[in-house]
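Please open the structure in a viewer and follow the selections in the order given below. Each stop names what to select and then describes what is found there.

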Amino acid sequence: MAKRKAREDLRRPTLVYVGTVVVLAVILGALQARYEASRRPPSPEAVVRNLTEGFVGQNTVRSVRLEGGAAELEVAMDGVRALPQDRSQWPQFFRDATDVAADRLFSPPPQITTPALADLQRVSIRYTLQGREVARGSKRRGDRTATVTMVRP
């Protein structure tokens, strides 16, 4: 009976120790995975989204597609304060916005080393307002200005 009692007395601290080691191992594993994920470079789509939203405004880029040297974006102009009230000024506004956004993607800051941006030859942006397309802008690398097509309401 005394031996049984002694074994039971040893089991509890052993189980607590093993449980503590398992919990710590899981926590350390999760922290390691999180650290490694933070060290990975962002996807090219995320870089394009961030560079564009840095100019147009937060949460304006609805979609980004990179394919074969071309970037296609959808930008929602809802809530963008710089959008002129006078529609006659929209063509120039969207041309300027496309120029700046495309130039930011063609010539990103030096700390951004995404090969997809180096291969980028064309940027196309579809502008929407309240879910409806209002303009399409595009610019090729080397073009002086962007081309914009307004969509009839």
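A salt bridge is taken here as a side-chain nitrogen of Lys or Arg within 4 Å of a carboxyl oxygen of Asp or Glu. By that criterion Arg-126 pairs with Glu-133, the closest N and O atoms being 3.1 Å apart. The model is a predicted one.

**Stop 1: the salt-bridge network**

Keep Arg-126 selected and add Glu-74, with which Arg-126 forms another salt bridge, the closest N and O atoms being 3.2 Å apart. Because Glu-74 lies in strand β2 and Arg-126 in strand β3, this pair ties together parts that are 52 residues apart in sequence. Now add Arg-136: Glu-74, Arg-126, Glu-133 and Arg-136 are linked in a network of salt bridges. Glu-74 is partly exposed at 21% relative accessibility, Arg-126 is partly exposed at 24%, and Glu-133 is partly exposed at 21%.

How many salt bridges does a search of the whole structure find? The total is seven. For another of them, select Glu-67 and Arg-65, whose side chains meet at 3.7 Å, N to O. Here Glu-67 is exposed, with a relative accessible area of 54%, while Arg-65 is partly exposed at 44%.

**Stop 2: the nonpolar core**

Next select Leu-73, Met-77, Phe-94, Leu-105, Val-123 and Tyr-127, the residues with the most contacts inside the largest nonpolar core, which has 28 residues. Two or more residues of this core come from each of α2 (44-56), β1 (61-67), β2 (70-76), α3 (90-106), β3 (122-129) and β4 (132-140). Helix α3 gives the most, with eight residues. In soluble globular proteins, nonpolar side chains tend to be buried together.

Centre the view on Leu-105. Apart from neighbours within four places in sequence, Leu-105 is in contact with Val-48, Leu-51, Thr-52, Leu-73, Leu-117, Leu-120 and Val-123.

**Stop 3: helix α2 and the loop after it**

Select α2, whose 13 residues should span 18 Å at 1.5 Å a residue; the end C-alpha atoms are 18 Å apart, which agrees. Which residues of α2 are buried? They are Val-47, Val-48, Leu-51, Thr-52, Glu-53 and Val-56. Their cover includes β1, β2, α3 and α4 (115-118).

Moving along the chain, α2 is followed by Gly-57, which has a positive phi near 145°. Most residues other than glycine have a negative phi. Asn-59, however, has a positive phi of about 60° although it is not a glycine. Asn-59 is in the loop between α2 and β1 and is exposed at 58% relative accessibility.

Thr-60 occupies the loop between α2 and β1. Is Thr-60 buried or exposed? Thr-60 is buried, with a relative accessible area of 4%. Beyond neighbours within four places in sequence, the contacts of Thr-60 are Glu-53, Glu-74, Val-75, Ala-76 and Val-80.

**Stop 4: the loop between β3 and β4**

Select Gln-130, found in the loop between β3 and β4. This residue also has a positive phi, of about 55°, although it is not a glycine. Gln-130 is exposed, with a relative accessible area of 69%.

**Stop 5: Gln-92 and helix α1**

Select Gln-92 in helix α3, which is partly exposed at 42% relative accessibility. The C-alpha atom of Gln-92 is separated by 8.5 Å from that of Val-148, 56 residues apart along the chain.

Finally, select Tyr-17, Val-18, Val-21, Val-22 and Val-26, which make a nonpolar surface patch of about 470 Å². Tyr-17 is placed in helix α1 (residues 2-39) and is exposed, with a relative accessible area of 57%.

Methods. Residues are numbered from 1 along each chain as its sequence is written. This is a predicted model: local features need pLDDT of at least 70, side-chain atom pairs count only at pLDDT 80 or more; totals for chains, interfaces and linings use all residues. Side-chain values use heavy atoms; hydrogens and water are left out. Patches are made of residues with over 30% relative accessible area and no salt bridge: like charges are joined within 9 Å, nonpolar side chains (Val, Leu, Ile, Met, Phe, Trp, Tyr) within 5 Å. Accessible areas come from the Shrake-Rupley method with a 1.4 Å probe; for residues, only the protein chains shown count as cover. Helices (H or I, at least four residues) and strands (E, at least two) are DSSP runs, numbered from the N terminus. Buried means under 20% relative accessible area, exposed over 50%, partly exposed in between (1.4 Å probe, protein chains only). A nonpolar core is a set of buried Ala, Val, Leu, Ile, Met, Phe, Trp, Tyr and Cys residues joined through side-chain atoms within 4.5 Å. Contact means heavy atoms within 4.5 Å. The expected span of a helix is 1.5 Å times one less than its number of residues.
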